[in-house]
Amino acid sequence: MAIEFTKYHGLGNDFILIDNRSSLTPVLTPEKAVQWCDRHFGIGADGVIFALPGQNGTDYTMRIFNSDGSEPEMCGNGIRCLAVFLTELEGIARTKDKYSIHTLAGVIVPQLTDDGQVKVDMGEPRLLPGEIPTSLASSQFQVINHPLEVAGKIWDVTCVSMGNPHCIIFVEDVAAINLESIGSQFENHPVFPKKTNTEFIEVVNRNYLKMRVWERGAGITLACGTGACASLVAGVLNDLCDRHAIIELPGGSLEIEWSEVDNRIYMTGPAERVFTGKY
Ligand SMILES: N[C@@H](CCC[C@H](N)C(=O)O)C(=O)O
């Protein structure tokens, strides 16, 4: 039987959204999600996101399959798309502009803003090796500017978890990085037992960073919300940027803040509906 879906994107990081509110089991298997995400033989997307019933007092649950069928803990651009999708699903019955969403990374709270964007309380960054996870340092030390050999070169990496793992590298010129050839070597490096997302960052000034990303389970994408959050944290840990910055990605810009008050990360950016269909 055909399933209804809506296609969304957040800065070109694109997702197939499915109304799964009647069950806690996703209506698609990971294998089907791979086929739906295929850009030649399917709908085409970086991932499939399911809007499921809430758990433990939350409004809803989000689950996501990457385009390779793997299931990540969180997705920053995806949760902005989910928030807008939920307002559409609720229609005139809608009473709130802020949702508590159960994810594998904990409870995440997106809020619609007056200018049509979505501001998300992304929770606190996790910095210990066991939380990322990585074997790059022993358990009590944060992984900041740590040497890692990839593709015959030593890179200085900083590791941050936003519920999902990120490996961040600061470079002079982000456009010069050959992501196609080195991205999967970072993703599958044995020091990352759950694989990793990898962000290359050029610091333009203390409040403006340029980023390119290789995502775990999806490869090169036009944007990564959790990656932008993790990169700002890495920039602060390396004293390369302030706690509030614009991150420019190939698909557009995100505003990220690491609050000194509550240690939480706040991400603000757009979410756009593209089309609906049945498949
Ligand atoms: N694009 C997302 C991240 C999606 C999950 C990622 N590929 C992973 O496996 O951790 C974002 O905007 O955060």
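Modeller: A polar contact is a pair of N or O atoms within 3.5 Å. This model is predicted, so to speak of a local feature we need pLDDT of at least 70, and side-chain atom pairs count only at pLDDT 80 or more, while totals for chains, interfaces and linings use all residues. Residues are numbered from 1 along each chain as its sequence is written, and side-chain values use heavy atoms, with hydrogens and water left out.

Colleague: Which backbone N or O atom lies 2.8 Å from a nitrogen atom of the ligand?

Modeller: That one belongs to R216. The side chain of E215 also has an N or O atom 2.8 Å from a ligand nitrogen. For an oxygen atom of the ligand, look at G225, where a backbone N or O atom lies 2.6 Å away. Around these contacts, the protein covers 99% of the 360 Å² of accessible area (Shrake-Rupley, 1.4 Å probe) that the ligand has on its own.

Colleague: Which residues come nearest to the ligand?

Modeller: "Near" asks for a heavy atom within 4 Å. Of the 14 residues around the ligand, N13, G76, E215, G225 and T226 come nearest. Helices α2 (76-90) and α4 (225-237) each supply at least two residues of that shell; helices are DSSP runs of at least four residues, strands of at least two. N13 is in strand β2, residues 13-19.

Colleague: What kind of space does the ligand take?

Modeller: A cavity is a set of points on a 1 Å grid where a 1.4 Å probe fits but cannot get out, and its lining residues have an atom within 4 Å of a point. A molecule sits there if more than half of its atoms lie within 2 Å of the grid points. Here, the ligand's space is the largest cavity.

Colleague: Which residues does UniProt list for "active site"?

Modeller: The unreviewed entry lists C75 and C224. They span 150 residues in sequence, yet their C-alpha atoms are no more than 7.7 Å apart, so they gather at one spot. Both C75 and C224 belong to the lining of the largest cavity. You will find C75 in the loop between β4 (60-66) and α2. Do keep in mind that such annotations may be inferred rather than shown by experiment.

Colleague: And which residues does the "binding site" annotation cover?

Modeller: In the unreviewed UniProt entry they include N66, N77, N164 and N197, along with E215 and R216. The lining of the largest cavity takes in N66, N77, N164, N197, E215 and R216.

Colleague: Where is the cis peptide bond?

Modeller: It joins I132 and P133, with omega about -10°. P133 lies in the loop between β7 (118-121) and β8 (146-150). For another backbone detail, try L11: phi is near 60°, a positive value in a residue other than glycine. L11 lies in the loop between β1 (4-10) and β2.

Technical notes:
Polar contact = N/O pair within 3.5 Å; in protein donor to acceptor, adjacent residues only side chain to side chain. 1 Å grid on protein atoms, 1.4 Å probe; cavity = no way out; pocket = protein on both sides within 12 Å on 5 of 7 lines; lining within 4 Å.
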